Amino acid sequence: MPSSTAVGSAPSLTTFLKSLKQNDIETSIEFFIALLKRRQIRNSRPCAIATVNLLLRVVGEERIKDASSLITRIRDVGRRLVAAQPREMAVGNIVRRVLEVVRERAEADLDAAGGGSEAGGASGATTPTLPAPGEGPTRPALPSRMSEFTPLHGAHALPEDIQTPGIGSAQTSYAGQAPSSTSLFSILQHPTPGSSARSPYATPPGGTQSPSSKTSPRKDEDSKGEKLDIKAEVITGIVELQQELEDVDDEIASFALDHIHSGEMILTHGSSQTVQKFLTTVARKRKFTVVHAEAFPNDHESTHSTIVNGGQGEDDERWKPLTSMGITVILVPDSAVFALMSRINKVLLAPHTVLANGSLLATSGASTISLAAKTHRVPVVVLSGVYKLSPVYPFDTDELIEYGDPGKVVSFSDGRFMDKVDVMNPVYDWVDAEGVDLYVTNLGACAPSYLYRVVADHYRVEDIDLSAKPADGGAVKAG
């Protein structure tokens with residue numbers, strides 16, 4: 001009797017995560033690079049999950065001599081991953097977040113050893129004063145050299161000499177921290193000695209316990225002479241970042257009732273599980289109407305599946321469709337958006353990537369929706385996790401756009417027609433910051449003009465350009 005042959009399936013995120021437990025580090029890195037190049041792992045969330053799991057394995061098996069060698073190793077791996085698929089900016093974002101964790105833990109180690117005792121200062125804090133007129137912070141000119149941290153030559157990295165508040169401060173990854181209320185006066189104040197100017201949207205300072213972690217990685221302040229286990233501390237920070245990726249939809253959905261009200265007509269676009277979770281949370285308490293643009297030709301099949309089945313996450317968990325919860329859902333083609341916009345109360349978009357100036361990349365058709373909403377004065381709300389926020393400035397937006405199969409627009413069977421025209425099928429659209437009214441992240445809501453501060457709170461200046469060699473060889477300094 002002939003043996004049955006197993007039908008193989010295409011590699012995916014699940015395949016890669018399983019292979020991490022069996023393959024060595026270098027094989028796993030090459031496998032991930034191949035999956036990125038072949039687009040078998042794509043979109044922000046799968047790329048972020050795969051990257052953070054790979055870096056956890058890299059740190060776990062790395063023989064650490066000091067923090068500088070670990071930073072060099074992570075930068076080398078990150079440089080290779082980013083070069084494999086530069087338009088998947090979530091990969092570079094996660095690499096920079098992990099580098100920030102390493103630097104923060106290394107600085108805490110120096111402080112515990114007494115290296116940063118001058119920075120904190122046990123002396124009393126002086127009264128903060130406002131800057132004198134004409135002596136406020138200034139924004140230096142952008143460098144003329146294009147960033148080379150990715151093959152996207154039309155994108156600038158954050159200037160290394162820019163003096164944004166809190167950009168040099170040490171923060172650690174933290175999931176689910178809602179922003180605290182603060183006054184305009186306290187925002188304008190100078191930081192007191194021994195403290196850093198922090199944003200209400202920043203992750204809590206080192207030593208703050210994440211809700212997802214059960215044991216505190218910090219030592220008591222009394223044991224300043226004891227060195228911390230940097231490797232264990234970094235692993236703890238990466239695990240917290242993993243937990244942040246798992247909880248991001250629930251944390252964004254916790255703000256849903258503040259933005260969706262009874263009787264409203266909401267326009268959504270594409271198939272986003274973040275938007276689906278956001279609307280499902282509101283549907284339990286309020287009734288509204290959803291107009292869903294199908295995002296033809298690249299995302300319409302997933303959009304139809306979302307409407308019928310309710311959405312599918314990375315862990316195959318399905319949510320109920322909105323129609324089963326008593327919500328009216330109207331599916332419309334993208335061409336009908338402008339005609340319906342006068343009746344829409346609010347637009348919800350889910351980005352592929354959020355850029356540092358407040359603009360974004362989203363599923364093709366988002367630009368048309370944004371322009372129609374701006375014409376009819378309809379507010380546009382973008383739902384995005386912080387891991388999608390990239391410290392890249394879009395000076396040449398054409399190089400940020402990825403183009404897909406033109407056969408989805410015009411069939412190749414129309415040979416005579418195809419020979420006479422150039423058919424372009426952009427996978428993503430670029431939406432200017434002026435087309436967005438509000439960002440809702442897992443840390444709270446903020447205006448597009450405030451995103452520069454969120455960038456400053458989550459990325460270190462020295463890690464933004466991964467291709468650049470550190471001036472000090474990757475050394476970490478306290479303070």
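Helix axes that cross at angles over 145 degrees count as roughly antiparallel. In this predicted model, the axes of helix α4 (residues 67-84) and helix α5 (residues 89-112) cross at roughly 175°, and α4 and α5 are therefore roughly antiparallel to each other. The points below cover this helix pair, an open sheet of 7 strands and the 4 aromatic pairs found in a search of the whole structure.

**Helices α4 and α5**

- The two axes, of α4 and α5, come within 10 Å.
- On the α4 side, the contact is made by Ala 67, Leu 70, Ile 71, Ile 74, Arg 75, Gly 78, Leu 81 and Val 82.
- On the α5 side, the contact residues are Val 91, Gly 92, Val 95, Val 98, Leu 99, Val 102, Arg 103 and Ala 106.
- By residue class, the contact of α4 with α5 comprises 12 nonpolar, 2 polar and 2 charged residues.

**The open sheet**

- The strand order is β4-β3-β2-β5-β8-β11-β12, and the pairing is mixed.
- The edges are formed by β4 (328-332) and β12 (444-446). Each has a single partner strand, so one side of each is left without a neighbour in the sheet.
- From one strand to the next, the twist averages 25°.
- Strand β8 (residues 380-383) pairs with strand β11 (residues 438-441) in the parallel sense, over 3 bridges.
- Leu 383 has Val 440 in β11 as its bridge partner.
- Helix α9 (residues 273-283) lies across β2 (265-269), β3 (289-293), β5 (346-349) and β8. Relative to β5, helix α9 runs at about 135°.

**Aromatic pairs**

- A pair of aromatic rings is described by the distance of the centres and the angle of the planes.
- One of the 4 aromatic pairs is that of Phe 16 and Phe 31, with 6.1 Å centre to centre and 50° between the planes, and this pair is tilted.
- Phe 16 belongs to helix α1 (residues 13-19) and Phe 31 to helix α2 (residues 25-37), so their pair ties together parts that are 15 residues apart in sequence.
- Both Phe 16 and Phe 31 are buried.
- Phe 16, Phe 31 and Phe 32 are linked into a cluster by ring pairs.
- Tyr 393 and Phe 395 have ring centres 6.3 Å apart and planes at 25°, so this pair is stacked; the cut-off for stacking is under 30 degrees.
- Tyr 393 is buried, with a relative accessible area of 14%, whereas Phe 395 counts as partly exposed at 44% relative accessibility.

Terms used:
Residues are numbered from 1 along each chain as its sequence is written. This is a predicted model: local features need pLDDT of at least 70, side-chain atom pairs count only at pLDDT 80 or more; totals for chains, interfaces and linings use all residues. Side-chain values use heavy atoms; hydrogens and water are left out. Rings of Phe, Tyr and Trp (its six-membered ring) pair if their centres lie within 6.5 Å; planes under 30 degrees apart count as stacked, over 60 as edge-to-face and the rest as tilted. Helices (H or I, at least four residues) and strands (E, at least two) are DSSP runs, numbered from the N terminus. Buried means under 20% relative accessible area, exposed over 50%, partly exposed in between (1.4 Å probe, protein chains only). Axes are lines fitted to C-alpha atoms, for helices over the stretch in contact, and angles run from 0 to 180 degrees between N-to-C directions. Angles under 35 degrees count as roughly parallel, over 145 as roughly antiparallel, 65 to 115 as roughly perpendicular and the rest as oblique. Contact means heavy atoms within 4.5 Å. Ala, Val, Leu, Ile, Met, Phe, Trp, Tyr, Cys and Pro count as nonpolar, Asp, Glu, Lys and Arg as charged, and the others, Gly among them, as polar. Two strands pair if DSSP finds at least two bridges between them.
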